[in-house]
Amino acid sequence: MRAHSNPAFRVLPLVMATACLALALPPAASAAEAGFRQMTVARAADEKPAHFALYYPTAELARAIPMGPFPQTVAINGAPEAKFKGLIVISHGTASTELGFATLAQALARHGYLVASVEHVGDTWQDQSMRATPGRYFAERPRQVSRVIDTVLADPLWSSRIGQGSDGRPLIGAIGHSAGGYTVLALAGGKPVLSRLRAHCEAEAALDPVLCSLSHGIGSASAQAGGTADGQEEPVQADPRVRAVMALAPMGVAFSPPSLAAITGCSSCPTPDITRS
């Protein structure tokens with residue numbers, strides 16, 4: 001569990017680390033069901049359509065619904081409860097799907113959280129086009145998460161229900177796995193240095209084939225595109241609205257050590273009781 005060095009980043013308790021325990025705990029008697037809606041990200045007209053799965057607490061009855069390999073036990077379009085404990089955004093790994101963390105998302109929703117599971121356009125099981133330009137890949141992934149947050153906060157149906165910290169700002173956290181782990185660390189302030197990927201893959205390509213297939217040709221691609229010396233074609237922006245992150249097996253080799261050193265733990269944060277709705 002990592003939290004940003006900005007004090008405001010520490011306001012959200014250790015939600016993600018402890019919320020994972022919800023998978024092993026029986027729901028409380030008063031726990032809500034998980035509602036489910038598919039949402040569209042607000043984007044420019046010339047960009048590919050992007051979607052995300054929204055899970056939230058609802059009093060309506062959930063039922064098992066097959067969705068490819070990820071069956072959902074949800075209330076489709078159920079009416080949301082009046083208040084959410086916070087917003088948690090989930091970033092999937094490379095070549096995956098926004099439904100890949102359905103079990104975790106439903107557990108969090110049943111315990112009071114609004115969960116937005118991002119579809120990373122250009123890095124899904126159907127479309128890996130973004131991987132052809134690594135500089136854009138590393139900038140666009142966290143940007144896509146920020147667009148999802150923009151979309152949720154712009155909709156009063158959801159934004160008015162999200163819990164707030166003592167500073168009056170929404171409580172927002174993020175969970176990511178693999179490339180998603182990279183993504184949430186970038187949101188927290190981590191900065192990729194693509195020359196680190198080149199050096200890593202020159203030495204460890206056989207042991208790290210997935211990452212090194214992504215980073216293949218970074219040097220020539222950045223030179224042709226007029227990127228920086230490190231091949232970073234676009235700036236990678238942190239999102240100060242995200243107060244805490246949980247990185248699962250993150251793609252961490254790309255980060256500069258100083259930028260990771262600026263992300264500090266939150267050992268003094270209280271642990272919420274997730275056995276109650």
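Two residues are in contact when they have heavy atoms within 4.5 Å of each other, and with that in mind I can begin with the chain as a whole. The model I am showing you is a predicted one, and in its protein chain, among the contacts between residues at least 6 apart in sequence, 77% join residues that are at least 24 apart. The chain has 277 residues, of which 49% count as buried, and it contains 9 helices and 10 strands.

Let me start with the strands, and in particular with β7, which covers residues 114-118. How many of the residues of β7 are buried? The count is 5 of 5, and if you follow the side chains along the strand you will see Leu-114, Ala-116 and Val-118 pointing one way, while Val-115 and Ser-117 point the other way.

Now please look at what β7 pairs with. With β6, residues 87-91, the pairing is in the parallel sense and runs over 5 bridges, and in that pairing you can find Ile-90 standing opposite Ser-117. With β3, residues 51-58, the strands run antiparallel and are joined by 4 bridges, and here Leu-54 is the residue that stands opposite Ala-116. The partner β6 is itself mostly covered, with 5 of its 5 residues buried: Leu-87, Val-89 and Ser-91 lie on one side, and Ile-88 and Ile-90 on the other.

That brings me to the interior. As a general point, nonpolar side chains in soluble globular proteins tend to be buried together. In this model the largest nonpolar core has 42 residues, and the members that touch the most other members are Phe-52, Leu-54, Leu-87, Leu-114, Phe-138, Val-152 and Trp-158. Which elements build this core, each supplying at least two residues? They are the strands β3, β6, β7 and β8, together with the helices α3, α5 and α6, and the largest share, 7 residues, comes from α3.

Leu-114, at the start of β7, is a good residue on which to pause, and its neighbours can be picked out one by one on the screen. Leaving aside residues up to four places away in sequence, Leu-114 touches Leu-54, Tyr-55, Tyr-56, Phe-84, Gly-86, Leu-87, Ile-88, Val-152, Trp-158 and Ile-162. Apart from the core we have been discussing lies another one, of 19 residues, which includes Ala-53, Val-74, Leu-99 and Leu-104.

Leu-104 takes us to helix α2, which spans residues 102-110 and has 7 of its 9 residues buried. Those buried residues are Ala-102, Leu-104, Ala-105, Gln-106, Ala-107, Leu-108 and Ala-109. Why does Leu-104 count as buried? Its relative accessible area is 7%, and the cut-off for being buried is under 20%. The same reasoning can be applied to Gln-106, which is also in α2 and counts as buried because its relative accessible area is 6%. Gln-106 touches Ala-34, Tyr-55, Pro-71, Gln-72, Thr-73 and Val-74, again without counting residues up to four places away in sequence.

After α2 comes Gly-112, whose phi is positive, near 105°. To relate this helix to the strand we started from, you can take Leu-104 and Val-115, which are 11 residues apart in sequence and 9.5 Å apart in space, C-alpha to C-alpha.

My last topic is a pair of helices. In general, two packed helices are described by the angle between their axes and by the distance between those axes. For helix α3, residues 134-154, and helix α5, residues 179-187, the axes come within 9 Å and cross at roughly 75°. Angles from 65 to 115 degrees count as roughly perpendicular, so α3 is roughly perpendicular to α5. By class, this contact has 8 nonpolar, 3 polar and 1 charged residues. On the α3 side the residues are Tyr-137, Phe-138, Arg-141, Pro-142, Val-145 and Ser-146, and they meet Ala-179, Gly-180, Tyr-182, Thr-183, Ala-186 and Leu-187 of α5.

How many residues of α5 are buried? It is 9 of 9, among them Gly-181, Val-184 and Leu-185. Like α2, which is followed by Gly-112 with a positive phi, α5 is followed by a glycine of positive phi, here Gly-189 with a value near 120°.

Definitions and conventions: Residues numbered from 1 in each chain as written. Predicted model: local features only at pLDDT ≥ 70, side-chain atom pairs only at ≥ 80, totals over all residues. Heavy atoms only, no water. Buried < 20%, exposed > 50% of the residue type's maximum accessible area, 1.4 Å probe, protein only. Axes fitted to C-alpha atoms, helices over the stretch in contact; angles between N-to-C directions. Parallel < 35°, antiparallel > 145°, perpendicular 65-115°, else oblique. Nonpolar A, V, L, I, M, F, W, Y, C, P; charged D, E, K, R; others polar. Core = buried A, V, L, I, M, F, W, Y, C linked by side-chain atoms within 4.5 Å. Pairing = 2+ DSSP bridges.
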